[in-house]
Amino acid sequence: MKPFRVGMVGLGLVSEAHAKGYETHPLAQIVAVCDLDEKRAEAFAVRHDVPRVYGSFDAMLADPALNAVDIATPTHLHVPMTLAAARVGRHVHCEKPFCRSVGEGLLACQAARQRGVILAVGESYVFLSSHMQARELMDAGEIGRPMQIRQRHGAWLERQIAAIHTGPTNRSWRIHPEQSGGGEYPWIFDHAVHFFSAAEYLLQDEPIAEVYAVTSQDHGGPKRQGAAHDPYTAPGVDIPIITWKYRDRARQGVWARAERLNGKYDYRRGFGTIISGETGMIEVLGEGGANLDWQGREVHLILFREGKEPVTWRFDEGGDDVWDSEISYYSRAHITQIHHFVDSALTGRDPRYKGEDGVHAVQCTLAAILSAQQGRPVRVEEVPEDFTAYGPRRPAS
Ligand SMILES: NC(=O)c1ccc[n+]([C@@H]2O[C@H](COP(=O)([O-])OP(=O)(O)OC[C@H]3O[C@@H](n4cnc5c(N)ncnc54)[C@H](O)[C@@H]3O)[C@@H](O)[C@H]2O)c1
């Protein structure tokens, strides 16, 4: 038997990418899977040659062969499942957004530390090859001190053959105020953790200190449909732009989204980032990214430096399993992330993206939602531990 034996719970959209990670790690093995939908679980087990199938998480946790669990269930189940697993001494890899309030997230981190298990949060934006290359260039001083980040969000377009990854037919948790954790802003809550994590990672881990959300009223209609992330049809409000200041007040960032789900068009697809340093600039594609051209050729990263010729990179890693994009997000990024989790658990070292990092990203996201509700900039540390996006609104201050 291999030394790292994992049980996977939640076998929807993202689970296939996780399975690829365990299957390609020489010391890991998926020994059990669990889903409320037993047919789905059976089919997954056959596809991935997994010996045991459970219909309940508690039953799977009692399986003595397991030393780790992989949690890819809807967001409201992340903390309860992490707590249960940590308390019985299982290492945990849990999908983002890790928690729905800062308080519940910290509780889960504490349980993991007390039991001495590794808790990794699935923040794939810091495991993308293109982002890691950008970070390496920055760490090598190629653009001088990084000062400003601009994240551009165009449409994620789904590949025709991505059906296996689109998950179960009932994905209503994604727009449920409590189950998604996002209240009126389920899309933002589900995704902004990625944007904030990338914004810190790509500015050499400088922490975000203050957030301001620009809101927009949605006038309804079919423009909110048409991508793999349907059903995002419910809310009548949107946050198309977020700005932030870092702890170092000389540095700042902005995220802006224009795509058909919010009624706008952007030629450049998916997620892309520009990092401006004192002496240079990097432009890099991320999840679902496409159409970054240089001299007639699609590239994935461009390094511009004062007085030097630009240098370009491509990352030919087989493309994406879900998006129509050459950037391998639902494959290479998740595989790298899962391998890192397995190695962290086997060596007992904190992972690059741990529970506390997942909580911090949620706190930044809640600051954005609080900012949208109150129409003012919100300091990240002022978000109360018990604040949720779906609870009663805080009075305007
Ligand atoms: N890091 C990423 O790139 C990424 C991508 C997609 C999703 N996610 C995150 O992963 C999580 C899952 O998202 P998804 O899109 O795969 O969801 P999904 O709806 O496709 O799948 C969820 C699965 O969980 C199962 N489930 C629900 N309750 C359960 C329970 N109590 N016990 C066992 N199984 C249960 C459902 O039957 C379903 O099969 C979310 O938190 C989401 O934000 C992350």
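Q: Hi! Leaving out residues up to four places away in sequence, which residues does Asn67 touch?
A: Hello! In this predicted model, Asn67 touches Phe4, Arg5, Arg90 and His91.

Q: And where does Asn67 sit?
A: Asn67 is in the loop between helix 3 (57-61) and strand 4 (68-71).

Q: Is Asn67 buried or exposed there?
A: In between: Asn67 is partly exposed, because 17 other C-beta atoms lie within 10 Å, and a residue needs 20 or more to count as buried.

Q: How far is Asn67 from Gly89?
A: The C-alpha atoms of Asn67 and Gly89 are 7.6 Å apart in space, while 22 residues separate the pair in sequence.

Q: Okay, sheets. What is the strand order in the one with 6 strands?
A: That open sheet runs 3-2-1-4-5-6, and its pairing is parallel. At its edges are strand 3 (52-54) and strand 6 (119-122), each of which pairs on one side only. From one strand to the next, the twist averages 25°.

Q: How many bridges join strand 4 to strand 5?
A: There are 4 bridges, and strands 4 and 5 run parallel. As one example, Ile71 has Cys94 in strand 5 as its bridge partner.

Q: Which strands does helix 1 lie across?
A: Helix 1 (residues 15-24) lies across strand 1 (4-9), strand 2 (28-34) and strand 4. Relative to strand 1, helix 1 runs at about 175°.

Q: Now the sheet of 9 strands. What is its order, and what kind of pairing does it have?
A: The order is 16-15-12-11-7-10-9-8-17, in an open sheet with mixed pairing. Strand 16 (311-313) and strand 17 (378-379) are the edge strands, each pairing on one side only.

Q: Do strands 12 and 15 run parallel or antiparallel?
A: Antiparallel: 5 bridges join strand 12 (residues 280-285) to strand 15 (residues 301-305). Among the residues involved, Glu283 has Ile302 in strand 15 as its bridge partner.

Q: Which strands does helix 6 lie across?
A: Helix 6 (residues 129-139) lies across strand 7 (146-153), strand 11 (271-277), strand 12, strand 15 and strand 16. Its direction is at about 170° to strand 12.

Q: Switching to helix packing, how do helix 4 and helix 5 sit against each other?
A: Helix 4 (residues 78-87) and helix 5 (residues 102-115) pack at an angle of about 15°, and their axes are 9 Å apart. Helices 4 and 5 are therefore roughly parallel, as angles under 35 degrees count that way. Their crossing is left-handed.

Q: Which residues meet in that contact between helix 4 and helix 5?
A: From helix 4 there are Val79, Thr82, Leu83, Ala86 and Arg87. From helix 5 come Glu104, Gly105, Leu107, Ala108, Ala111, Ala112 and Arg115. Those residues divide into 7 nonpolar, 2 polar and 3 charged.

Q: Backbone checks before I set anything up: which peptide bond involving Pro97 is cis?
A: The one from Lys96 to Pro97, with omega near -20°. Pro97 lies in the loop between strand 5 (91-95) and helix 5.

Q: What about phi at Asn291 and Gln295?
A: Neither is a glycine, yet phi is positive at each: about 75° for Asn291 and about 50° for Gln295.

Q: Where are Asn291 and Gln295 found?
A: Asn291 is in the loop between strand 12 and strand 13 (293-294), and Gln295 is in the loop between strand 13 and strand 14 (297-298).

Q: How many other C-beta atoms lie within 10 Å of Asn291 and of Gln295?
A: Asn291 has 14, so Asn291 is partly exposed. Gln295 has 7, so Gln295 is exposed.

Technical notes:
Residues numbered from 1 in each chain as written. Predicted model: local features only at pLDDT ≥ 70, side-chain atom pairs only at ≥ 80, totals over all residues. Axes fitted to C-alpha atoms, helices over the stretch in contact; angles between N-to-C directions. Helix = DSSP H or I, 4+ residues; strand = E, 2+ residues; numbered from the N terminus. Parallel < 35°, antiparallel > 145°, perpendicular 65-115°, else oblique. Left-handed = near helix turned anticlockwise from the far one by under 90°. Contact = placed C-beta atoms within 7 Å. Nonpolar A, V, L, I, M, F, W, Y, C, P; charged D, E, K, R; others polar. Pairing = 2+ DSSP bridges. Buried ≥ 20, exposed ≤ 12 C-beta atoms within 10 Å, placed from the backbone.
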